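Here's a quick tour for anyone opening this one up for the first time. Have a look at the model, then read on.

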Amino acid sequence: MEERTVLAIIRRSDKAFTAKVEGGKRSRLGDFWWASDTRVVVAMAERFGSMDQPFLTGELHAVDVDGGRGRMLIGHDGPQHGAGQQVGGALEAATMVDSLPGDPEHALISTQPFSANPQTQVERLIIYSKRRAVIARAPVRRAAFVTDSAGRVRFAQGAGSDNISKLYYRDHDDDPWRLLNDAAQSGRVESPIGFSADRATAYLQVEHAQAPDSLVALAIATGERIELLRDDTVDPWRILYAEDGKVPAGARQWGWAMQDDLTDATRWAIAEGIADPARICLYGASYGGYAALMGAAREPGLYRCAVGYVGVYDLPTLHADDAAQADWMRTWADEWLGEPQALAEVSPNRLAGRIKAPVFLAAGGQDQRISAKHYRLMEKALRDADVPVETLYYPTEGHGFYELGHQREFYTRLLDFLSRHTGVGKAESPAGQKAG
């Protein structure tokens, strides 16, 4: 919305909106979690100027997926800004620690008062009644917590008024905290990332004075540390987590395991009766455009059509373009795409002869992320292979269409293309006129 963002929940069977969560003016949705199959918990955020990034206010809300039992779990009713809930005369804020996927009644939250030296603690929250019980108190001020795969609080990291980071660890809920790292003594900050699925190994991000951060595996039983990763020039940027504690299989898996995930998901949806096998198309943008065309090439009998929007289609070209931009991009291309000579066999434009379904391609001539060269290579390969292909190209657009008229044309044609090839009839433009 114009002055706020809203979380809306949609029932898939009839596309009806069943629930929403929204705050006041300037409010944003900071994050949300499926606390159970039927209830969602939302962290609110707020923005105080047109150039400001939203920041968490410490408020938590919850609602059932059918719109029932909506309530503020942690919040404030007064005129204060950026600010949690009044409890016993003290203003406090909360953040999610663990949504406890195996426990539909509870979540673990971190709470702390707004004070000069806030004491942080972890509480088990009943997400329906707001009742809470303290299960851990931090041994350090302004702490953040990390749980293991069983939902036990194992790490606490924070700093006192000296702003020196300290990391504490404990094996069990009743064990005392023990100091694992004091930055004043070690000269480095160590931050917990998470645990392996068997909880035998913890993972830390470790700062270094004259080099980028490293990722370190810590053997819980012995205390042995093994450096897993340290790039020559850049810090780890973002950690991706899986619910079961296992690693994502993304490195050098373009067209392989990553594509298998889409195939497996499609076949699962068919087996569950969710999808009609005679009416399934693939559509994606950027990497999604690659996955759409690669899916049509790898599984020619599974999909009725494929749509690539500002997509990647020739991986050797992508590798060369990225490597030419910067050294860190070359490193990324080597580590995540793979060796250039091995990428041809997972490039959709070089597999066009295997594609049997009609294709719709759209791209912009000013795309600075994915060169329009990919679009031209894919179109030529499809036409050479006698694959039915429809195209939309704007020489002035970039990595996604910006001009409103171009957006309208693209989505009108997209809906028409999907409608024709899934057998649901003609799509209509916003003006009510037939597309196509």
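Where does glutamine 53 lie? You'll find glutamine 53 in the loop that runs between β4 (39–46) and β5 (55–64). Keep in mind that this is a predicted model. From that loop, we'll move on to a helix, a sheet, a disulfide, some aromatic rings and a few single residues.

**Glutamine 53, a starting point**

- Glutamine 53 counts as exposed, because its relative accessibility is 66% and the cut-off for exposed is over 50%.
- Setting aside neighbours within four places in sequence, glutamine 53 is in contact with Glu46 and Arg47.
- If you jump from glutamine 53 to methionine 294, you cover 241 residues in sequence and 37 Å in space, going C-alpha to C-alpha.

**Helix α3**

- Methionine 294, the other end of that jump, is one of the buried residues of α3.
- Helix α3 takes in residues 287–298, which makes 12 residues.
- Does the length of α3 agree or disagree with what you'd expect? At 1.5 Å a residue, α3 should span 16 Å, and its end C-alpha atoms are 16 Å apart, so the two agree.
- This helix is mostly covered, with 9 of its 12 residues buried.
- Those buried residues are Gly289, Tyr290, Ala291, Ala292, Leu293, Met294, Gly295, Ala296 and Ala297.
- What do they pack against? Their partners include three helices' worth of names to look up, namely α2 (257–271), α4 (315–325) and α6 (373–384).
- Strands β20 (281–285), β21 (305–309) and β22 (359–364) also pack against the buried residues of α3.

**The disulfide**

- Two of those strands turn up again here: a disulfide joins cysteine 281 to cysteine 305, with the sulfurs 1.9 Å apart.
- Cysteine 281 sits in strand β20 and cysteine 305 in strand β21, so the link ties together parts that are 24 residues apart in sequence.
- The count for the model comes to 1 disulfide.
- The link between cysteine 281 and cysteine 305 is right-handed, with 115° about the S-S bond.
- Are these two cysteines buried or exposed? Cysteine 281 is buried, and so is cysteine 305.
- If the term is new to you, a disulfide is a covalent bond between the sulfur atoms of two cysteines.

**A four-stranded sheet**

- One open sheet has 4 strands, in the order β16-β17-β18-β19, and the pairing is antiparallel.
- At its edges stand β16 (190–195) and β19 (225–229), each with a single partner strand, so one side of each has no neighbour in the sheet.
- On average, neighbouring strands of this sheet are turned by 30° against each other, ignoring direction.
- Strand β18 (residues 211–219) pairs with β19 in the antiparallel sense over 4 bridges.
- To spot that pairing by eye, look for leucine 218, which stands opposite arginine 225 in β19.

**Aromatic rings**

- The model has a count of 13 aromatic pairs.
- One of them is phenylalanine 401 with phenylalanine 410, an edge-to-face pair with 5.7 Å from centre to centre and 80° between the planes.
- Phenylalanine 401 is buried, with a relative accessible area of 7%, and phenylalanine 410 counts as buried too, at 0% relative accessibility.
- Both rings belong to one aromatic cluster, made up of Tyr309, Phe360, Tyr394, Phe401, Phe410, Tyr411 and Phe417.

**Two loop residues with positive phi**

- Lysine 130 is in the loop between β10 (121–126) and β11 (132–137).
- The phi of lysine 130 is near 75°, a positive value in a residue other than glycine.
- Lysine 130 is partly exposed, with a relative accessible area of 35%.
- Asparagine 163 is in the loop between β13 (153–159) and β14 (165–169).
- Asparagine 163 isn't a glycine, yet it has a positive phi of about 60°.
- At 57% relative accessibility, asparagine 163 counts as exposed.

**Serine 110, in a strand**

- Serine 110 is found in strand β9 (residues 106–113).
- Is serine 110 buried or exposed? Serine 110 is buried, because its relative accessible area of 8% falls under the 20% cut-off.
- Not counting residues up to four places away in sequence, serine 110 touches Ala93, Ala94, Thr95, Val97, Thr120, Gln121, Ala143 and Phe145.

Definitions and conventions: Residues numbered from 1 in each chain as written. Predicted model: local features only at pLDDT ≥ 70, side-chain atom pairs only at ≥ 80, totals over all residues. Heavy atoms only, no water. Expected span 1.5 Å × (residues − 1). Buried < 20%, exposed > 50% of the residue type's maximum accessible area, 1.4 Å probe, protein only. Contact = heavy atoms within 4.5 Å. Phe/Tyr/Trp six-rings, centres within 6.5 Å; stacked < 30°, edge-to-face > 60°. Pairing = 2+ DSSP bridges. Axes fitted to C-alpha atoms, helices over the stretch in contact; angles between N-to-C directions. Disulfide = S-S within 2.5 Å.
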